[in-house]
Amino acid sequence: MTKSIIKGIGHYVPENIVTNDNLSKLMNTNDEWITERTGIKERHHRKNRNDSEETTAFLAFKASQKALKMPGLSAKDIDYIVFATLSPDYYFPGCGVLLQEMLGCDTIGALDVRNQCSGFVYAMSVANAFIKSKMYKNILVVGAEVHSFGLDFSDAGRGVSVIFGDGAGAVILSASEDENAGDILSTNMHSEGKYADELCTKFPGSKYGWSDRMRLEPENVTDAEIYPVMNGNFVFKHAVTRFPETMLEALNAAGKTVEDLDMFIPHQANLRIAQFVQQKMGLPEDKVFNNIQKYGNTTAASIPIALSEAIEQGKVNRGDLVLLSAFGSGFTWGSVLFEF
Ligand code: UT7
């Protein structure tokens with residue numbers, strides 16, 4: 001049977017570090033509030049917010065180069081791209097085609113996934129299905145975001161803008177017939193669109209445009225309607241319910257238990273959410289990997305960045321049973337359970 005193995009992985013973040021103290025100079029916030037409520041100490045933002053080079057596709061390009069290097073593959077070996085982001089370079093086309101061009105891949109298919117915090121889990125699930133159906137052999141699966149150009153750094157936006165950071169992570173998911181190789185054992189994906197407005201950016205969009213002729217009016221900018229809005233408490237409560245559900249679903253589908261897990265890597269939304277879920281699931285601290293303290297919430301990029309760091313630090317090794325789970329805007333949620 002064809003298995004889906006993670007052959008390569010890499011991550012990349014812009015050099016520029018923004019601390020909580022840096023943010024407190026832009027808006028009415030402070031290190032104590034941010035640390036206590038989220039666990040975040042710093043995040044990376046591209047240096048110059050007018051810098052058109054460090055785009056989402058560019059961060060993905062840098063992460064992908066590292067992922068390709070690990071197994072010694074070239075861009076020509078990739079036969080499909082799945083790219084998850086909520087902060088694309090263009091309104092359209094998506095980032096997948098930009099990455100295909102930057103890497104110099106052949107004229108392969110490039111699919112963009114728009115599932116926000118769950119984007120990487122969705123992307124891996126789709127890629128796994130393509131591998132298992134023998135359609136593709138080496139799929140580049142990416143999560144990347146540039147949030148820093150789209151946040152409200154005034155007092156009005158402080159409940160959202162202190163949380164998010166820029167970054168990218170990439171995985172090479174490959175077909176293997178080796179019976180000793182790892183594999184993706186189960187995946188699940190969910191959505192509940194009735195809560196779409198609880199965490200969203202409304203403009204530009206066909207639902208909320210004022211005029212019949214324009215995607216965006218000057219008033220949308222001055223009224224700060226171009227920025228993300230989040231009902232934080234509401235999202236938090238749903239997250240701590242949905243995480244355990246999707247985790248157990250993934251484990252049950254593969255005939256595994258929580259005790260079998262070597263590492264759980266949650267979407268890095270808020271350290272308090274991860275700690276709550278860890279306790280609820282009865283997981284010891286050394287079996288949960290968090291790095292939100294350094295990167296903030298990088299949405300679709302958070303899981304591949306965390307997985308990449310966990311492997312780099314020797315906390316995830318070949319043969320380990322690893323669970324990736326996410327919850328966020330949509331609402332969407334889901335998991336990927338795999339043997340590395
Ligand atoms: O990744 C996608 C999924 N997203 C999530 O899972 C996020 C889930 N939600 C959360 O992580 C939390 O709800 C937040 C971190 C966003 C907010 O924490 P909270 O404990 O829910 O705070 P709150 O929104 O209830 O605000 C509490 C107080 C308010 O002041 P008052 O009304 O009590 O006087 C806010 O105005 O904290 C105030 N506040 C701030 N104060 C200092 C809000 N943002 C800030 C800030 N600095 N940055």
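A polar contact is taken here as a pair of N or O atoms within 3.5 Å. The model is predicted, so that local features need pLDDT of at least 70 and side-chain atom pairs count only at pLDDT 80 or more, while totals for chains, interfaces and linings use all residues. Residues are numbered from 1 along each chain as its sequence is written, and side-chain values use heavy atoms, with hydrogens and water left out.

**View 1. Polar contacts of the ligand.** An N or O atom in the side chain of R158 lies 3.0 Å from an oxygen atom of the ligand, and the side chain of N233 likewise places an N or O atom 3.0 Å from a ligand oxygen. For W33, a polar side-chain atom is 3.0 Å from an oxygen atom of the ligand.

**View 2. Residues around the ligand.** The shell holds 21 residues (a heavy atom within 4 Å of the ligand), and T29, R37, C117, N270 and N297 come nearest. Helix 8, a DSSP run of H or I with at least four residues, gives the largest share of this shell, four residues.

**View 3. The second largest pocket.** The ligand sits in this pocket (more than half of its atoms within 2 Å of the grid points). A pocket is an open set of points on a 1 Å grid over the protein atoms alone, where a 1.4 Å probe fits, with protein on both sides within 12 Å along at least five of seven lines; lining residues have an atom within 4 Å of a point. The second largest pocket contains about 520 Å³ of space, as filled by probe spheres set on the points, and M230, G232, N233, F236 and N270 are the closest to its centre among its 23 lining residues. Helix 8 supplies the largest share of this lining, six residues.

Methods: Polar contact = N/O pair within 3.5 Å; in protein donor to acceptor, adjacent residues only side chain to side chain. Helix = DSSP H or I, 4+ residues; strand = E, 2+ residues; numbered from the N terminus.
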